[in-house]
Amino acid sequence: MSLEWLRLYTQTVYDRRIRRLSLASRWAWIAVLIVGRTSPRPGWLLLEVEMPLAATDLADIADISPAQAKSALTSFLSLGWLVKEDDA
């Protein structure tokens, strides 16, 4: 069985923007990277074709509360790490 992978730079743990996030948001960011990598449309946060990742999905994947997932997604959008499409 072949395992999919993504590149994560070792400097990530020293990035001030990441270090300022809560632990739950840091873990959510890793989960977001993985979902984006394994998405049917790589780079997009899709669980299946035409099924975007919701905060509740992120909460389940990252094993964090829905409130923490929503807060994390809001932070990622405000930091410019994620972009929300108009129709998403």
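Which residues touch the most other members of the largest nonpolar core? In this predicted model, they turn out to be Trp29, Val32, Leu58, Ile64, Phe76 and Leu82, out of 20 residues in that core. Three helices each put in at least two residues: H2 (23-38), H3 (55-62) and H4 (66-78). The top contributor is H2, which gives six residues. As a general backdrop, nonpolar side chains in soluble globular proteins tend to be buried together.

Ile64 gives a handy view of who meets whom. Once neighbours within four places in sequence are set aside, Ile64 is in contact with Ala24, Ala28, Leu58, Ala59 and Ala69. Leu58 in that list is itself among the core residues that touch the most other members.

Next comes the pairing of H2 with H3. Two packed helices are described by the angle between their axes and the distance between the axes. Here the axes of H2 and H3 come within 9 Å and cross at roughly 105°. That angle falls in the 65 to 115 degree range, so H2 and H3 are roughly perpendicular to each other. On the H2 side, the residues involved are Trp27, Ala28, Ala31, Val32 and Val35, and they meet Leu58, Ile61 and Ala62 in H3. By class, this contact has eight nonpolar residues, with no polar and no charged ones.

H2 also holds Ser25. Its relative accessible area is 5%, and since buried means under 20%, Ser25 counts as buried. Leaving out neighbours within four places in sequence, Ser25 is in contact with Ala72 and Phe76. Phe76 shows up again among the core residues that touch the most other members.

Technical notes. Residues are numbered from 1 along each chain as its sequence is written. This is a predicted model: local features need pLDDT of at least 70, side-chain atom pairs count only at pLDDT 80 or more; totals for chains, interfaces and linings use all residues. Side-chain values use heavy atoms; hydrogens and water are left out. A nonpolar core is a set of buried Ala, Val, Leu, Ile, Met, Phe, Trp, Tyr and Cys residues joined through side-chain atoms within 4.5 Å. Buried means under 20% relative accessible area, exposed over 50%, partly exposed in between (1.4 Å probe, protein chains only). Helices (H or I, at least four residues) and strands (E, at least two) are DSSP runs, numbered from the N terminus. Contact means heavy atoms within 4.5 Å. Axes are lines fitted to C-alpha atoms, for helices over the stretch in contact, and angles run from 0 to 180 degrees between N-to-C directions. Angles under 35 degrees count as roughly parallel, over 145 as roughly antiparallel, 65 to 115 as roughly perpendicular and the rest as oblique. Ala, Val, Leu, Ile, Met, Phe, Trp, Tyr, Cys and Pro count as nonpolar, Asp, Glu, Lys and Arg as charged, and the others, Gly among them, as polar.
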